[in-house]
Each structure stands twice: as C-alpha cells, then as structure tokens.
Amino acid sequence: SNGVWHARARMSGGGMIGKRSLAFVGMVAGGLAGVLGAYISLAANDMLSSSQLWAAATAGAITGLLLGILMTCILTSCNPVKMLKGLQAAGAKLSYWAISLHIRMLWGPLSGWGCGYEPEQGKIVMGVHTNGMGHVIQAVRLIGALAKAGIEVDTVAFGDMTKVPQNFLDDFKRLMPGVHLYDFAHEIHYDDNLGGEVSLIKVILNTIWKIMGPPGLSMVRKYVAMLKERRFHVCLSLWDPHIPVLHDSLWGAQKLKVVNVATQGLLYLEWPYHFQLDFLWYANMGSIQLDAELISLLFFPQHDALPVIVAVPEEKSKEDFLLAYSCMPAALTNIAQIKDKKVVLFTKAVERWTEHYKACPNIEIKKVGPEFAGYLSRCSGLIASPSPGVVTQALAVGTPCYLICPSGHLEQQFNEDYYFKYFDGVTNAARIPLTTWASGVSKNDKSLMPQAKQVREWLLQFDAQVDKLVIPAMRRAMASGDGGGKKHAVGSGAYKSLV
C-alpha cells in the first residue's frame with residue numbers, strides 16, 4: 001500500500017468499467033434504441049404535444065439505458081455485487097462530468113473566462129477544507145514547513161473562512177508574512193451544520209445547488225477574477241475540491257499542478273467503486289485535464305506517507321474528567337447519560353450547547369481554541385467522532401477513546417475501522433455502553449503508555465517526512481511547465497509510489 005500516489009497513466013474510468021468498453025457500448029446503444037422506439041411509437045399520434053413527445057423519448061432513453069447496462073452486465077458475466085459497484089462507479093464519473101461540463105460551458109463564459117491562462121512560474125495557492133478544523137491545523141503546520149524550506153505561498157483559500165477561529169488565521173499570517181487569505185464562502189457542509197448525521201441525499205442536492213445553481217456562478221466568477229490577477233501555477237490542497245474542480249473544468253486551466261495532502265488517501269488503497277468516494281476522488285484529483293498527486297496522511301507508520309499532522313500533546317498527570325469533541329457535536333448528545341464524571345465538551349457553538357446541557361451540571365462547555373491541547377493531555381478519557389487528529393493526539397498520551405461515528409459520515413466510518421484495526425484503547429457503542437465505559441475509565445490507568453510511545457515517535461517524524469515527500473513534490477511542481485493536461489490513473493493497481 002502506497003502513501004504517495006502519482007496520477008499520470010491513461011485509464012478512462014476505474015478498473016471494472018474501464019476494462020469493459022463493451023459496457024459503454026451497451027449503454028449508448030440501449031439509450032439510442034429507447035429514444036428511437038419512443039419516437040416511432042408516438043410520432044404518428046397527432047394528439048401528443050411536443051413536451052409529451054420529449055417526455056416519452058426521455059423515458060424511453062432511460063429505460064433503454066438501464067436495459068443496456070443490465071444486458072451488458074449479463075454478457076460480461078457480472079455478478080450482482082460487481083454490477084452494483086459498476087453502476088456506482090459509472091454514476092460517480094457521469095455525475096462529475098455533468099458538473100464539470102456545466103462549469104466549462106456555462107459558468108466559465110459567464111464569468112469572463114476565455115480559453116486559458118499563463119501561470120506565473122512557481123506561484124502557489126493553498127486550498128483548505130473547513131469542515132472541521134483538522135484540515136486547517138494541517139495547513140498551519142505545512143505552511144510553517146514550507147516557510148522553513150524557503151517556499152513562498154501566495155494565497156491560502158478557505159472553503160468557508162467564517163468557520164476558522166481567528167487564532168489560526170493569525171498563525172498563517174505569522175508563519176507566512178504577506179500571505180493573501182481568500183474566502184470561497186462556498187462549502188458543502190459536512191459538519192455541525194448537518195446536525196448529528198449525514199444524509200447522502202441532502203449532500204447531493206446541496207452539491208447540485210451550490211455548484212450548478214446561482215451560488216456556483218458567484219463562486220466561479222469570484223475565483224476567475226482572482227486567478228486572472230494572481231495566475232497560480234501550483235496548488236497545495238488539503239482535500240478542498242474548489243480549486244481542483246475549477247481547473248479540471250475551465251478551458252485551458254490545466255496548467256495548474258495540484259499536490260494533495262490528505263488523510264483520505266486511506267480510502268483509496270484499493271479503488272472503492274463507490275459513488276460518494278469515487279466522486280470525491282474526481283473532485284479533488286480531477287478526471288478530465290488535471291495533473292495531480294496525493295500524499296497520504298496516516299496515523300500509523302509508513303515510509304512513503306506523512307504522520308497525521310497534529311500537535312504532539314505534552315504528557316501530563318491525568319485528572320478525573322472526560323473530554324468530548326466532534327466537528328458534529330450533535331452526534332455526542334449521549335454524553336448527557338454520564339452522571340458520575342465531569343465531562344468537558346469543546347465546541348464552536350458555546351451558547352447553543354450550554355443551553356442544550358443546562359440540566360447536566362457535570363457537563364462544562366468550552367470554546368474550541370488553544371487551551372484544548374492542555375485539557376486533552378490531562379483528561380482520563382476522550383469521547384469523540386473518529387476524526388484522525390484528536391483521536392491520534394489522545395492515543396499519543398495514552399488516553400482511552402470512545403468513538404461515536406455520525407450516521408452516514410462515510411470517511412469517519414473508514415477512520416473508525418482503521419482505529420480498531422491498528423490500535424488498542426479504542427471502543428464504541430457496539431462493544432460497550434458509553435456509561436459503562438465512562439465509569440470504568442481511571443486516571444491511574446497506564447496500560448496504553450507503550451502504544452503511546454510508538455504513536456508519539458511516528459508523529460514526531462513529521463518534519464523529516466515533509467522534507468522527504470512534500471518539499472520535493474512542491475519543488476517538482478514549481479519547476480514544471482505545462483503538463484499538457486495529463487490525466488491521472490484511476491482504478492485498483494493504477495497507483496505508483498514516488499518513493
């Protein structure tokens with residue numbers, strides 16, 4: 001398994017579908033047959049209006065398409081599981097292409113975009129995802145490492161800068177004086193804005209509206225104006241899709257080189273053939289004309305990956321209280337069941353959750369900020385959603401963790417699986433009730449300290465791994481010319497390590 005993947009080979013769309021060109025032939029033939037059949041059967045009827053005829057033709061096309069897919073799967077001996085995966089893979093790619101075509105043919109021209117631009121050699125923009133603060137913290141650490149290496153970042157672009165605490169914004173300016181902070185003010189919310197669970201249908205509808213509706217035009221128009229002025233050559237992305245999607249879609253915008261640094265690399269050790277995951281890959285790595293690579297952030301040692309970028313907490317004496325944190329605090333409301341221990345909940349919405357827990361005198365609400373690290377070092381147990389940052393920090397000081405995964409949050413479900421696979425001291429409701437676990441947690445428990453030592457040793461390799469992986473990748477991208485719109489590989493077995 002490789003932590004660094006470079007996307008350059010020429011596969012058209014994921015192993016199963018890419019290898020079965022017959023499938024596409026069947027789909028197209030079925031769709032055309034459906035249109036033709038609907039037209040022949042209805043065209044002679046003078047009573048039908050043109051709108052009814054178009055509706056009938058569309059229905060025929062969809063029916064023919066589905067029958068074409070079904071017959072193709074039968075002819076290629078696909079079992080139902082493979083058939084479902086193939087449909088999801090095809091759906092993800094077609095959905096991404098539809099969004100990309102919409103930006104290319106409509107939003108681009110309406111935003112004053114022509115047929116390309118000439119980048120200023122070596123000018124860097126950093127894209128930062130702001131659903132949760134993990135990506136922001138990673139960006140702060142990375143911009144500090146780039147400054148140390150003498151690599152200048154011109155602009156840091158946030159998905160939604162209003163979510164970012166001021167102390168982090170100050171850190172960017174302190175570490176990279178003169179850096180321009182840019183706000184897309186345009187994010188598909190995947191955090192506490194969704195409550196305690198993630199609805200895929202809501203996320204899809206919100207994505208369509210935010211990109212293909214009026215908010216999408218405003219976002220594209222604003223970015224195009226900035227791109228014409230600043231002419232970026234390289235993007236260091238913390239898994240924020242805005243810049244990759246735009247440069248993969250706009251005519252002639254493929255001269256931007258993208259280096260992604262993200263924990264999401266874990267999701268693609270093998271190609272998932274999953275609608276949501278496949279779509280996220282295309283949105284961050286491109287599918288049409290973008291040249292991109294991915295350096296994975298891992299919470300276990302691997303030679304060609306980075307440690308999860310977290311501040312390594314100090315080892316302090318444990319105290320008899322529990323710490324709670326999640327980017328979706330509505331998922332943690334079961335902490336109200338805990339009566340025999342103090343619980344400190346860190347959140348951005350202090351007033352809201354203070355009101356919510358007003359009947360629980362043992363629960364204290366504090367605002368997310370610099371003091372969080374000190375509480376994390378001293379708590380006897382952590383209750384959290386399985387995001388890589390905070391859980392890894394807790395394990396680095398030997399703190400047991402109770403994981404509560406928000407329903408429907410696919411990435412955190414994968415994180416939870418990996419925590420159970422690689423670490424002791426993590427549990428969840430399927431293994432033990434929250435109240436039972438909370439009562440059993442002791443400030444005197446030292447059983448996880450040997451594992452904590454190993455975690456700390458890996459996290460402390462961050463600077464060395466950045467020098468080994470990120471800095472060379474950035475220098476290569478900065479020195480490169482026009483990549484000619486090289487597409488990256490997709491599909492199991494298509495990734496090649498740079499190390």
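This is a short tour of the structure, stop by stop, with a selection to make at each one.

**Before you start**

The model is predicted, so to speak of a local feature here takes pLDDT of at least 70, side-chain atom pairs count only at pLDDT 80 or more, and totals for chains, interfaces and linings use all residues. Residues are numbered from 1 along each chain as its sequence is written, and side-chain values use heavy atoms, leaving out hydrogens and water.

**The whole chain**

Show the cartoon to begin. The chain has 17 helices and 14 strands; these are DSSP runs numbered from the N terminus, with helices being H or I of at least four residues and strands E of at least two. Of its 499 residues, 56% are buried, where buried means under 20% relative accessible area, exposed means over 50%, and partly exposed lies in between (1.4 Å probe, protein chains only).

**The six-stranded sheet**

Now select β9 to β14. Six strands make an open sheet with parallel pairing, in the order β11-β10-β9-β12-β13-β14; two strands pair if DSSP finds at least two bridges between them. Go to the edges: β11 (363-367) and β14 (426-428) each have a single partner strand, so one side of each has no neighbour in the sheet. From one strand to the next, the twist averages 25°. Angles run from 0 to 180 degrees between N-to-C directions, and axes are lines fitted to C-alpha atoms, for helices over the stretch in contact.

Stay at the β14 side and pick β13 (residues 401-403), which runs parallel to β14 and is joined to it by three bridges. Click on C401: its bridge partner in β14 is V426.

**Helices on the sheet**

Add helix α13 (residues 388-396), which lies across β9, β12, β13 and β14 and runs at about 170° to β12. Next, add helix α14 (residues 410-422), which packs on the sheet and touches β13 and β14, its direction making about 130° with that of β14.

Inside α14, show Y418 and Y422, which are four residues apart, about one turn of the helix. Their rings form a stacked aromatic pair, 6.1 Å centre to centre with 5° between the planes. Rings of Phe, Tyr and Trp (its six-membered ring) pair if their centres lie within 6.5 Å; planes under 30 degrees apart count as stacked, over 60 as edge-to-face and the rest as tilted. Y418 is buried at 14% relative accessible area, whereas Y422 is partly exposed at 36%.

**Into strand β10**

Return to the sheet and select L345, which belongs to strand β10 (residues 342-347). Is L345 buried or exposed? L345 is buried, with a relative accessible area of 0%. Beyond neighbours within four places in sequence, its contacts include W353, Y357 and I365; a contact means heavy atoms within 4.5 Å. Try a distance label too: the C-alpha atoms of L345 and K366 are 6.1 Å apart, although 21 residues separate them along the chain.

**More rings to visit**

Jump to F184, in the loop between β4 (180-183) and α7 (200-212), and Y223, in helix α8 (residues 214-230). F184 is buried at 3% relative accessibility, and Y223 is buried at 0%.

Then show Y96, W239, Y268, W271, F275, F279, W281 and Y282, which ring pairs link into a cluster.

Finish with R431, whose charged end sits over the ring of F420, 3.7 Å from its centre. A charge sits over a ring if NZ of Lys or CZ of Arg is within 6 Å of the ring centre and within 35 degrees of the ring normal.
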